[in-house]
Amino acid sequence: MKKLILAAALSAVSAASFAAAPAWDFVQASYVMTDFDDADLNYEPDGFAISASKLVTDDVFVTGSYSMQNDDIFGTEIDFDRLSLGLGYRYALSNKTDLYGIVSYEDVEISGSGESESEDGYGLTAGARSMVMDNIELRGAVKYIDTDSGSDTSLLIGGDYFFSPAFAVGVSYETSDDLSTFGMNARYNF
């Protein structure tokens with residue numbers, strides 16, 4: 001009888017933690033594909049990305065991401081690398097939904113054939129993350145980036161399916177005037 005009560009208690013605790021608010025302490029690996037909207041340029045790089053987030057207080061977090069993609073143009077391999085390092089603040093709108101904002105450093109580099117062009121600047125992101133079901137998180141955000149060559153605003157949407165409180169897989173999509181990026185990810189919450 002004691003084992004049955006213990007099993008029921010552990011199951012209740014496990015289910016309650018599974019339905020918690022969005023996790024901000026995670027590391028994530030992704031496969032990403034980018035499509036540049038320039039009709040004269042047939043450049044659609046793909047590759048891998050890694051990102052992470054860590055709460056430093058109850059509401060303040062640090063975040064970062066780095067992606068490495070490449071594609072051939074006229075037989076020449078061209079690399080497209082992006083780096084983002086940010087400081088964010090989250091606000092718990094409810095026990096399942098967080099609003100957040102991020103100020104970030106942004107760096108973009110395109111290189112190939114011994115040539116390299118890089119530009120950096122800052123980014124501002126405002127978004128929401130919500131556990132719409134016990135094992136499904138949806139997210140959306142607007143991101144503004146200002147770099148050496150100008151500015152761009154993009155819309156980001158995505159979702160994750162959690163197999164457990166620690167492991168999830170998901171998809172994401174980012175679109176702006178200049179490019180669109182689709183990603184498939186695996187996430188570990190710690």
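Are Lys143 and Glu106 buried or exposed? Lys143 is buried, and Glu106 is buried as well. The legends below begin with this pair and then visit other spots in what is a predicted model.

**View 1. Lys143 and Glu106 meet in a salt bridge.** Here you can look at two charged side chains whose closest N and O atoms are 3.1 Å apart. Lys143 belongs to strand E7 and Glu106 to strand E5, so the salt bridge ties together parts that are 37 residues apart in sequence. Both partners, Lys143 and Glu106, are buried.

**View 2. Five residues share one salt-bridge network.** Arg129, Glu137, Arg139, Asp160 and Arg187 are joined into a single network. What links them is a set of salt bridges that have partners in common. For context, the structure holds 10 salt bridges.

**View 3. Lys54 pairs with Asp25.** The side chains of Lys54 and Asp25 form a salt bridge, with a distance of 3.6 Å from N to O. This pair links distant parts of the chain, the two residues being 29 residues apart. Lys54 is in strand E2, while Asp25 is in the loop between helix H1 (2–18) and E1. The two ends of the bridge also fall into separate accessibility classes: Lys54 counts as partly exposed because its relative accessibility is 38%, and Asp25 counts as buried because its value is 15%.

**View 4. Two loops are joined by Lys96 and Asp134.** Look for a salt bridge in which the closest N and O atoms of Lys96 and Asp134 are 3.4 Å apart. Lys96 sits in the loop between strand E4 (76–92) and strand E5 (97–112), and Asp134 sits in the loop between strand E6 (115–133) and strand E7 (136–147), so the pair ties together parts that are 38 residues apart in sequence. How exposed is Lys96? With 24% relative accessibility, Lys96 counts as partly exposed. Asp134, at 40%, counts as partly exposed too.

**View 5. A negative patch lies on the surface.** Six residues to pick out here are Asp35, Asp37, Asp38, Glu44, Asp177 and Asp178, which form the patch. One of them, Asp38, is in the loop between strand E1 (26–36) and strand E2 (46–55). Asp38 counts as partly exposed because its relative accessibility is 42%.

**View 6. A nonpolar patch also lies on the surface.** Which residues form this patch? They are Val27, Ile50, Tyr66, Met68, Tyr161, Phe163, Phe167, Val169, Tyr188 and Phe190, and together they have about 980 Å² of accessible area. E3 and strand E9 (167–175) each contribute at least two residues to the nonpolar patch. Phe167 makes a handy landmark: this residue of the patch is found in strand E9. Phe167 counts as partly exposed because its relative accessibility is 48%.

**View 7. Ser180 touches Tyr173 through a polar contact.** The side chains of Ser180 and Tyr173 are joined by a polar contact of 3.4 Å. Ser180 is part of strand E10, which covers residues 179–189. Is Ser180 buried or exposed? Ser180 is buried, because its relative accessible area is 12%.

**View 8. Ile73 and Asn42 come together from separate places in the chain.** Along the chain, Ile73 and Asn42 are 31 residues apart, yet their C-alpha atoms are separated by 7.2 Å. Ile73 lies in strand E3, made up of residues 60–73. Ile73 is buried, because its relative accessible area is 19%.

**View 9. Phe74 has a positive phi.** Just along the chain, you can find Phe74 in the loop between E3 and E4. Its phi is about 50°, a positive value even though Phe74 is not a glycine. Phe74 is exposed, because its relative accessible area is 85%.

**View 10. Ser113 has a positive phi as well.** Where is Ser113 found? Ser113 is in the loop between E5 and E6. The phi of Ser113 is near 55°, which is positive in a residue other than glycine. Ser113 is exposed, because its relative accessible area is 59%.

How values were computed
Residues are numbered from 1 along each chain as its sequence is written. This is a predicted model: local features need pLDDT of at least 70, side-chain atom pairs count only at pLDDT 80 or more; totals for chains, interfaces and linings use all residues. Side-chain values use heavy atoms; hydrogens and water are left out. Patches are made of residues with over 30% relative accessible area and no salt bridge: like charges are joined within 9 Å, nonpolar side chains (Val, Leu, Ile, Met, Phe, Trp, Tyr) within 5 Å. Accessible areas come from the Shrake-Rupley method with a 1.4 Å probe; for residues, only the protein chains shown count as cover. A salt bridge is a side-chain nitrogen of Lys or Arg within 4 Å of a carboxyl oxygen of Asp or Glu. Lys and Arg count as positive and Asp and Glu as negative; His and the chain ends are not counted. The place of a charge is taken as NZ of Lys, CZ of Arg, CG of Asp or CD of Glu. Helices (H or I, at least four residues) and strands (E, at least two) are DSSP runs, numbered from the N terminus. Buried means under 20% relative accessible area, exposed over 50%, partly exposed in between (1.4 Å probe, protein chains only). A polar contact is a pair of N or O atoms within 3.5 Å; within protein, one must be able to donate a hydrogen and the other to accept it, and residues adjacent in sequence count only if both atoms are side-chain atoms.
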